[in-house]
Amino acid sequence: MDKIEGSVLRSPADVRGFADFDGPLYYAPTGFIDHADDPNTLPLAGSRRGFSALEIIRRRDGGGAESMILPLLALEGWVQNSGRVDEINDVLNRLTTKRADFAGLDMASCHVMGIVNVTPDSFSDGGDYNSTDQAIARARALAAQGASILDIGGESTRPGAEAVSEADEIARVVPVIRALAEDGHCVSIDTRHASVMEAAIEAGAAIINDVTGLEGDERSMEVAVASGRPVMLMHMQGEPGTMQENPQYDCAVLDVYDYLLDRIESCERAGIARDRICVDPGIGFGKSLSHNLELLSRLAIFHGLGCPVLLGTSRKSFIGKIDPAASPKERLGGSIASAVNGWRHGVQMIRVHDVHDTVQSISVATATSMV
């Protein structure tokens, strides 16, 4: 297994040391529990999941970051010492407020998004559903297994993937989207191309899911604004062909957070309201094993952006780095483990290949948390 190195170090500094710090701070909920049964917790984004502490993180000179854990019971005293009353009130409001419905889905629950790749070369299922009829049948099966969203893609964005023409991408996805939309399913279009977005929307796509955060095509923002559709903004360092060639970060979790905040603010300036935006930290897109694990261990920090959070870990290569013997289709255990970790961190949507098993695992995790 690859060597794992974290860039966030637990600080030896006392609480007062962080209170005196005058630079920007980041706040990651932790100490998760069912808030309904414990008066010392706060709800995570309005869900039944709660948190009992904050990990307060600051960047270090020279790179990386350090953090301290502050129980909510000690928060009032720390706030008074730090003078960050308004900041903390704003942070807690964003961390605890229930998200508005997204594409008609209640964000107090964790939804499963089923992956349908109408491609010959996707990393896990390329060629399995390469015809229109196969893709439609697969999507309908995933919906029957419990997928709330069907994510249709016509271009592979796996590491090292080559681009396809937009005309080919449109030809692959539009018939599938049209059939599923006519069935009444909630369909997202997984694309980084504005012309594909337009064709998919015309065919009935309800959500735009863009791995480039609406930056990959100069017209993408314009199309998203005009469509009125909710958007999913993902972080990716580089582009699919080269993104895994030695990715580097000062601090992965904070760098990704800052990037997504910048993209949210850009969308808002363009006319996309925050309640139409979902964020995705982009596991496996321009990230090493250490970067991916750092993000997975602090997923709840992204609730501070005030948007629903989407997680995509299904069958990805970081699982293979932990278990090198496992091919993509042999990574179900790791996919389920990371999905339940995402549920534990309060993510609202989880993008997967194996819908039945993921729905079952989240259902069991939810049921056991209520006892």
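## Exercises on a predicted model

At 0% relative accessibility, Ile277 counts as buried, and this value, like the others below, comes from a predicted model.

**Exercise 1.** Determine where Ile277 lies in the chain and which residues it touches.

*Solution.* Begin with the secondary structure, where Ile277 is found in strand β11, which covers residues 277-280. Next take the cover of the residue: buried means under 20% relative accessible area, and the 0% of Ile277 satisfies that cut-off. Then list the neighbours, leaving aside residues up to four places away in sequence; the contacts of Ile277 are Phe102, Val231, Leu233, Ile264, Cys267, Ile272, Cys307 and Pro308. Finally, consider Met232, which is 45 residues from Ile277 in sequence, while the two C-alpha atoms are 5.9 Å apart in space.

**Exercise 2.** Work out how strand β6 is covered and which strands it pairs with.

*Solution.* First establish the cover: β6 spans residues 111-117, and 7 of its 7 residues are buried. Second, sort the side chains by direction, recalling that in a regular strand they alternate between the two faces of the sheet. In β6, His111, Met113, Ile115 and Asn117 point one way, whereas Val112, Gly114 and Val116 point the other way. Third, look for partners: β6 runs parallel to strand β7 (residues 149-153), to which 5 bridges join it, and Asn117 has Gly153 as its bridge partner there. Strand β13 (residues 349-352) is also parallel to β6, with 4 bridges between them; here His111 is partnered by Met349 and Met113 by Arg351.

**Exercise 3.** Follow the pairing onward from β13 and describe the directions of its side chains.

*Solution.* Start with the directions: Met349 and Arg351 point one way from β13, Ile350 and Val352 point the other way, and all are buried. Then identify a further partner, since β13 also runs parallel to β12, with 3 bridges joining the two strands. Within this pairing, Leu311 has Ile350 as its bridge partner in β13. Putting the steps together, β13 is joined both to β6 and to β12.

**Exercise 4.** Compare the settings of Ala103 and Arg315, for each of which phi is positive.

*Solution.* The background to this exercise is that most residues other than glycine have a negative phi. Ala103, which is not a glycine, has a phi of about 55°, and for Arg315, likewise a residue other than glycine, phi is near 60°. Now locate each residue: Ala103 belongs to the loop between α3 (85-96) and β6, and Arg315 to the loop between β12 (310-312) and α10 (317-322). Last, check the cover, with a relative accessible area of 30% making Ala103 partly exposed, whereas Arg315, at 10%, is buried.

**Exercise 5.** Assess the overall build of the chain from its secondary structure, compactness and contacts.

*Solution.* Count the elements first: the chain has 12 helices and 13 strands. Its radius of gyration is 20 Å, close to the 21 Å that the globule rule gives for 371 residues, so the chain is as compact as a globular protein of that length. The C-alpha trace spans about 60 × 45 × 40 Å along its principal axes. Turning to the interior, buried residues make up 55% of the 371 residues, and among the contacts with a separation of 6 or more, 69% are between residues 24 or more positions apart. For the surface, about 14500 Å² is exposed, with carbon and sulfur atoms supplying 49% of it. As a last step, take the charges, of which 33 are positive and 52 negative, their mean positions being 3 Å apart.

Notes: Residues numbered from 1 in each chain as written. Predicted model: local features only at pLDDT ≥ 70, side-chain atom pairs only at ≥ 80, totals over all residues. Heavy atoms only, no water. Rg over C-alpha atoms; globule rule 2.2 N^0.38 Å. Buried < 20%, exposed > 50% of the residue type's maximum accessible area, 1.4 Å probe, protein only. Contact = heavy atoms within 4.5 Å. Areas by Shrake-Rupley, 256 points an atom, 1.4 Å probe, with all protein chains shown as cover. Lys, Arg positive; Asp, Glu negative; His and termini not counted. Charge placed at Lys NZ, Arg CZ, Asp CG, Glu CD. Pairing = 2+ DSSP bridges.
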